[in-house]
Amino acid sequence: MIITGNIEALQEAKKTLRGTIGFVPTMGALHQGHLSLIQQARKENDHLIVSIFVNPTQFLEGEDLNAYPRKEAADIKICKLAGVDILFMPAVETMYEKDELCIGAPALRAYVLEGEKRPGHFDGMLQVVMKLLNLSSANRAYFGKKDAQQLVLISQMVKNYFMDVQIIPCDIIRDENGLALSSRNVYLQGEEKQRALSLARSLKRATKLVMAGEENVEVIRKEMLRVLEETDEVEYVAIVDREFNALERVEIGNTIILVAAWVGKPRLIDNLWI
Ligand code: AMP
């Protein structure tokens, strides 16, 4: 495995690759969720590039940029074992100039839910993903449905900018209790781990209701909010179509149910694609 933070070295390393390239961009502190993307990319491509970069432009003032979990040595081991060909770990100065041209996130899909709660987050995320996709020259890039809005926006960027890469959505990986894996779960203390399960439980409740024939989103939201009373604060429970327009009735095959809530220190998100 070639490990580099240098752009020229990355370009040189890529020249040795023949065949298709799969790419998995991450912010590190790798867990089973990341690994599932890496394994799928490994299977579906001749070569595999993973990046680890904690991108400052997608963190808002006051968010956990400096405290974001970093586990470089363990991450390198995981990537080696998973058969990664190139691990790209650039420094912030390598990725950014002082006064950059930026692309803006689209108004409708990017300024609701996560975008409303974290204004500017998606601009920074798209900025870095555009850079990383260009650097990787990947045929396929893998993103988790865990970050549903991110996935939809990246797909839109690739379409709008005629980028020659296929975006592959990957299922959410959960722990044995149902908690969606996240690098930020390490912030959960003691009983918070139990209360954090209410996000997944609220989505399970929604599934049950939909399977029983309930289509009314207000009824489903109300039930979910009851389950979410265990969290410290609910930021949103939303039922939208695949383009993030609010729905009045669940449409099977075109619905995403999303939840964001605080439990102790971390703000947790989870969702369900119906
Ligand atoms: P991050 O390091 O949090 O930026 O995540 C890197 C990639 O891994 C993103 O595409 C995430 O959506 C994906 N990811 C993170 N957690 C999970 C999970 N529990 N299941 C599936 N994909 C995930």
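Q: What makes the approach of the ligand to Gly144 count as a polar contact?
A: In this predicted model, an oxygen atom of the ligand is 2.9 Å from a polar backbone atom of Gly144. The cut-off for a pair of N or O atoms is 3.5 Å, so this pair is a polar contact.

Q: Which atoms of the ligand and of Leu181 form a pair, and how do you know that it is a polar contact?
A: A nitrogen atom of the ligand and a polar backbone atom of Leu181 are 2.8 Å apart. That value is within 3.5 Å, so the pair qualifies.

Q: Which part of His34 takes part in a polar contact with the ligand?
A: The side chain does: one of its N or O atoms is 2.8 Å from an oxygen atom of the ligand. This is within 3.5 Å, so the pair is a polar contact as well.

Q: How much of the ligand does the protein bury?
A: The ligand taken alone exposes 480 Å², and 92% of that is buried by the protein.

Q: How many residues surround the ligand, and what makes a residue one of them?
A: There are 17, and the closest are Met27, His34, Asp147, Ile173 and Leu181. Each counts because one of its heavy atoms lies within 4 Å of the ligand.

Q: Which elements supply at least two residues of the shell around the ligand?
A: They are β2 (21-26), α2 (32-44) and β5 (140-144). The largest share, three residues, comes from α2.

Q: How is the shell around the ligand divided by class?
A: It has eight nonpolar, six polar and three charged residues.

Q: Why is the space lined by Leu10, Phe23, Ile49, Ser51, Phe88, Leu132, Leu135 and Ser136 called a cavity?
A: It is called a cavity because a 1.4 Å probe fits there but cannot get out. The structure holds one cavity of 30 Å³ or more, and about 30 Å³ of space lies in the largest cavity.

Q: Which elements give two or more residues to the lining of the largest cavity?
A: Strand β3 (47-52) and helix α7 (121-136) do, and α7 gives the largest share, three residues.

Q: How do you know which class Ser51 and Ser136 in this lining belong to?
A: Serine is on neither the nonpolar nor the charged list, so Ser51 and Ser136 are polar. The lining divides into six nonpolar, two polar and no charged residues.

Q: What is the volume of the second largest pocket?
A: The volume is about 270 Å³. Of the 15 residues lining this pocket, Ile52, Val54, Arg70, Glu72 and Pro90 are the closest to its centre. The lining has ten nonpolar, one polar and four charged residues.

Q: Where does Val227 lie, and which residues does Val227 touch?
A: Val227 lies in helix α10 (residues 217-227). Leaving out residues up to four places away in sequence, Val227 touches Ser198, Arg201, Ser202 and Arg205. Each is a contact because heavy atoms lie within 4.5 Å.

Technical notes:
Residues are numbered from 1 along each chain as its sequence is written. This is a predicted model: local features need pLDDT of at least 70, side-chain atom pairs count only at pLDDT 80 or more; totals for chains, interfaces and linings use all residues. Side-chain values use heavy atoms; hydrogens and water are left out. A polar contact is a pair of N or O atoms within 3.5 Å; within protein, one must be able to donate a hydrogen and the other to accept it, and residues adjacent in sequence count only if both atoms are side-chain atoms. Accessible areas come from the Shrake-Rupley method with a 1.4 Å probe; for residues, only the protein chains shown count as cover. Helices (H or I, at least four residues) and strands (E, at least two) are DSSP runs, numbered from the N terminus. On a 1 Å grid over the protein atoms alone, a cavity is a set of points where a 1.4 Å probe fits but cannot get out, and a pocket is an open set with protein on both sides within 12 Å along at least five of seven lines; lining residues have an atom within 4 Å of a point. Grid points are joined across faces, edges and corners, and a volume is the space filled by probe spheres set on the points.
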